[in-house]
Amino acid sequence: VSTAPTNTLRLRLPSSALDVLRYAAACGDFHGLHHAPASAEARAAGGAVLPGRYQHGAIARLLQEALGAELEELECAYLAPAYVDHELSLDARVRPEPAAGLFHIRLKLLDVGGGLLLSGNARLRAGKERTR
Amino acid sequence: LSLSTLAQALSARLGAVTSTWSYELTRPGVRAYARAMGYRARHYYWLEDALALGFTDLPAPFGYLGAPVYLPGFIDERFSEPGDPADLSFAGYAVLDAGTMHSVLRTPCAGESLHLRSSLERAELVQTAGGPGLRVERALRFEDAHGQLALFQRRRTVYR
């Protein structure tokens, strides 16, 4: 585990309609809000919206790949709609805890204007896959 | 049902298990989820690579629960998961996903089935940007064939 002081990662969250389609096929979330921009739900929301648990899963992948560590826990609060095909950036403030082999993260998902869409926190364990 | 009526009905059931169901992890399911999330690591797709890492089969990526067994009339057609008991109908309300906490106690692998027990943790009337709403928090416990807790999720949903 790095002993560097707290630092911040900035990562891009994928948000294409194809990403949402693949997620729906894998998880069965067929709500029109996410994949049918012409649906009443999406029109009311101002456009098709990324599923919350898609954001959660994609953030999980980004954090694990960026740190080479394995997630143990991730909590996300969805504060505002994250729209499909919009540019989304993930700011992850990383605090290593070398003695325990852990990374503690506070994260924010921001739109291109800096609007806060999601906040959360995560705990990752350094090293390769943990559970056998 | 009004939001306040629903809040009262839910509050009377806090801590109670409101639904149970089976979720199946399969190799195509693991591959589909890993691809949807953008994973490039081969052990989510190629059995020999997973075995070389010590897994018994393709491991579930973080956040993957497997596929809930589909049963017409029981599984929610929009979300593909079991709904709430029939007397807790949220029909007519918009459903907003407000939050997810996911915790891994043991990584399950393809070939396993997980048993869900979902319980109500909190129900409260709230004021949202779009007007009054009802925020519900559920705890989802996913146990393996030995009754051991493998995955735990807490979900917050707002109805308005």
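**The interface between chains A and B and the sheet that spans it**

Between them, chain B and chain A bury about 2900 Å², of which 51% lies on carbon and sulfur atoms. Three residues, B:Met37, B:Phe62 and B:Thr100, account for 21% of the area that chain B buries against chain A, more than any other three residues. The model is a predicted one. In terms of contacts, 34 residues of chain B are in contact with 31 residues of chain A.

Polar and charged groups also meet across this boundary. The rule finds 11 residue pairs in polar contact across the interface of chain B and chain A, with both residues at pLDDT 80 or more. On the side of chain B that touches chain A, helix H2 (27-37), S3 and S6 of chain B each supply at least two residues. The largest share of that side, 8 residues, comes from S3(B). By class, the side of chain B that touches chain A comprises 15 nonpolar, 10 polar and 9 charged residues. The rule further finds 2 salt bridges across the interface of chain B and chain A. A salt bridge is formed by the side chains of B:Arg156 and A:Glu75, at 3.5 Å from N to O.

Strands of both chains are combined in an open sheet of 11 strands with antiparallel pairing, in the order S1(A)-S3(A)-S4(A)-S5(A)-S2(A)-S3(B)-S6(B)-S5(B)-S4(B)-S1(B)-S2(B). Strand S1 (7-12) of chain A and strand S2 (67-68) of chain B stand at the edges; each has a single partner strand, so one side of each is left without a neighbour in the sheet.

The two chains are joined within the sheet by S2(A) and S3(B), which pair in the antiparallel sense over 5 bridges. In this pairing, A:Cys76 stands opposite B:Thr100 in S3(B); B:Thr100 is also one of the three residues noted above for their share of the area that chain B buries against chain A. Within chain B, strand S3 (residues 95-104) is joined to strand S6 (residues 149-159) by 9 bridges, and the two strands run antiparallel. Here B:Ser103 stands opposite B:Phe152 in S6(B).

Helix H4 (residues 52-67) of chain A lies across strands of both chains. From chain A these are S1, strand S2 (69-78), strand S3 (88-97), strand S4 (102-111) and strand S5 (116-126), and from chain B they are S3 and S6. The helix runs at about 145° to S2(A).

Technical notes
Residues numbered from 1 in each chain as written. Chains lettered and ligands numbered in written order. Predicted model: local features only at pLDDT ≥ 70, side-chain atom pairs only at ≥ 80, totals over all residues. Heavy atoms only, no water. Pairing = 2+ DSSP bridges. Helix = DSSP H or I, 4+ residues; strand = E, 2+ residues; numbered from the N terminus. Contact = heavy atoms within 4.5 Å. Axes fitted to C-alpha atoms, helices over the stretch in contact; angles between N-to-C directions. Buried area = accessible area lost by both parts, 1.4 Å probe. Salt bridge = Lys/Arg side-chain N within 4 Å of Asp/Glu carboxyl O. Polar contact = N/O pair within 3.5 Å; in protein donor to acceptor, adjacent residues only side chain to side chain. Nonpolar A, V, L, I, M, F, W, Y, C, P; charged D, E, K, R; others polar.
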